[in-house]
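Reader: Before I plan anything at the bench, could you take me through this model with care?

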Amino acid sequence: MTVNKVEMKDASVESFNEIKSHDTFSMGCVVNSYNEWDPLEEVVVGRLENSMYLPQHKYLLGGIPQKIYNNLLLIGGTRVDKKLSMPAQKELDEFIHILEAEGVKVRRPSVTDFSRKFSTPNWSSKGFCSACPRDCFLVIGSEIIEAPMSWRTRYFETHAYYHLFKEYSEQGAKWISAPKPPLLDSLYDKNYTVPKDGEKMRYVINESEVVFDAADFARCGRDIFVTKSNVTNQAGINWLQNHLGDSYRIHIIETHSKQPMHIDTTFVPLAPGKVMINPKYVDINRLPSILKSWDILIAPEPVIVNRGFFNETATLCSMWLSMNVLALDEERIICERNQEPTIRALKDWGFKPIPCDFLHFNPFGGAFHCATLDIRRRGTLQSYF
C-alpha cells in the first residue's frame, strides 16, 4: 500500500520546507523512524537481567490489580524469582533470533543492577528492570526523546541505554530529555481507588508536574495519537506538542479502560490506512475525525492461557497484550503464538504474521512492541490523512 506525501494545509510554508530539509537529514542518520510500519532496519531490545519486583507504591494501582499490589508489600524490591525469569529469557532470545533472521539489526541496553537503592532529596526507591525501552523513549525522525516517567522506581532506568544513545548522538542523532519531574508526593492521589463501572474516571496522577510514558503515544507520520492515562497527564501531552511544534499534530484517543496505561493495547496502527483497536476500550464513533478514511480493524478477544502462577502474575499487564505486536514493515508482523484469533485476523486483513512465544515475558511489562524501540525504519516524514 502506497501513500503519497501531501501538503500540510495548517502549516506554514516555512514549516513545510523545514520538514523537507529534516527528511533529507534523517534518511542519512542512523536514527530515523516516523511511524509504526516502515521497514524496520535497527531496533533496541530490552533486557531481563537483574529484574526486580516492583517496590509497592500507590501509583501502581493505576495499572495493576489490587491483589498483585498487595503481594508487592512482601516481595516488592526483591529480585524476580528465576522460575519466572528463565522461561521469559528463553522467549526473549527467540524473539531476537527472529528479528535478526528477518534482517533487523538488534542492539541491547547495558546490564544494570536494579537492586541498588537510589534517592532524590524527596524520596528513595529501588529499580525495576530494562525490559521495555518503548516506555522510556520516543523516537521521532532522527530525535530520541527521553520520557519524564511518573513511576519513581523507573527514575534512572534510562541510564541502561546511555552508551547506545551517546553512540547515536555522535553519529548525528538528536538526543533530548524532557524536564526531569521531581515526583513529589503531591503528584499522586493518596486516596486513589480504581473507578468502578458507572463512576467518573479518575487518575492516580494529577497535573502538578509534567509526566508521560512514551508508550502512550503511537506515531503515524506527522500525526501522533495518545491516550491520557495513569502515567501520562495533559501537562505531559502539552509539553510534547510544544516541543515538536507545528510540524506534528497530537490527537487524543479516548479510552474506556478503568486503568489506562500505554496505548499499545488500545490503539495500534499497523500500516498506512489500517489501525487495530480494542473494542472494550474504544468507541469507534468517538475516534478523531481524521481517522474516517482509515480501515478500523476490530481486535479479536484475547486467548487467556492458564499457567498457574504465571497466569496470575500476567495480570500485571492488560490481557489485551494480544494486540501488542511489532510490525517489521507493511506486511510482516510479529505476534504471540498462542493468540490464534489475532493471527487469523491479521491474515484476513492482508498481513503476514510471524508467531513467537512471549507469554512468560508479559509480567515484565508488556509484549513485542513494549520490548523494543525503533531506531531506524526506512522511510520519510509523511502525512497519511
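The questions below deal with a hairpin, a helix and several aromatic rings in this predicted model.

Reader: Which residue of β6 is the bridge partner of V139?

Author: Strand β5, residues 137-140, pairs with strand β6, residues 143-146, in the antiparallel sense over four bridges. The two strands form a hairpin with two residues between them, and G141 in that turn has a positive phi of about 65°. Within β6, the bridge partner of V139 is I144.

Reader: Are the residues on the two faces of strand β5 buried or exposed?

Author: On one side of β5 lie F137 and V139, and on the other lie L138 and I140. Both faces of the strand are covered, and the state of these four residues is buried.

Reader: What covers the buried residues of helix α6?

Author: Helix α6 spans residues 234-244, and its buried residues are A235, G236, I237, W239, L240 and L244. Just after the helix, G245 takes a positive phi of about 80°. The cover over the buried residues of α6 includes the hairpin strands β5 and β6, together with β8 (217-220), β9 (223-226) and β10 (249-252).

Reader: How many residues apart in sequence are the parts that the pair of Y162 and W175 ties together?

Author: A search of the whole structure finds 24 aromatic pairs. One of them joins Y162 and W175 edge-to-face, at 5.1 Å centre to centre and with 65° between the planes. Because Y162 lies in helix α5 (residues 162-170) and W175 in strand β7 (residues 174-177), the pair ties together parts whose separation in sequence is 13 residues.

Reader: Why does W175 count as partly exposed, and what is its relative accessibility?

Author: Its ring partner Y162 is partly exposed, with a relative accessible area of 48%. The partly exposed class runs between the buried limit, under 20%, and the exposed limit, over 50%. W175 falls in that class because its relative accessibility is 32%.

Reader: What is the relative accessible area of F217, which forms an aromatic pair with F212?

Author: F212 and F217 form an edge-to-face pair, at 5.4 Å centre to centre and with 75° between the planes. F212 is buried, with a relative accessible area of 0%. F217 is buried as well, with a relative accessible area of 2%.

Reader: Which ring does K274 lie over?

Author: K180 lies over the face of Y155, at 4.7 Å from the ring centre. K274 lies 5.0 Å from the centre of a ring and over its face, and that ring belongs to F351.

Terms used. Residues numbered from 1 in each chain as written. Predicted model: local features only at pLDDT ≥ 70, side-chain atom pairs only at ≥ 80, totals over all residues. Heavy atoms only, no water. Buried < 20%, exposed > 50% of the residue type's maximum accessible area, 1.4 Å probe, protein only. Pairing = 2+ DSSP bridges. Contact = heavy atoms within 4.5 Å. Phe/Tyr/Trp six-rings, centres within 6.5 Å; stacked < 30°, edge-to-face > 60°. Lys NZ or Arg CZ within 6 Å of the ring centre and 35° of its normal.
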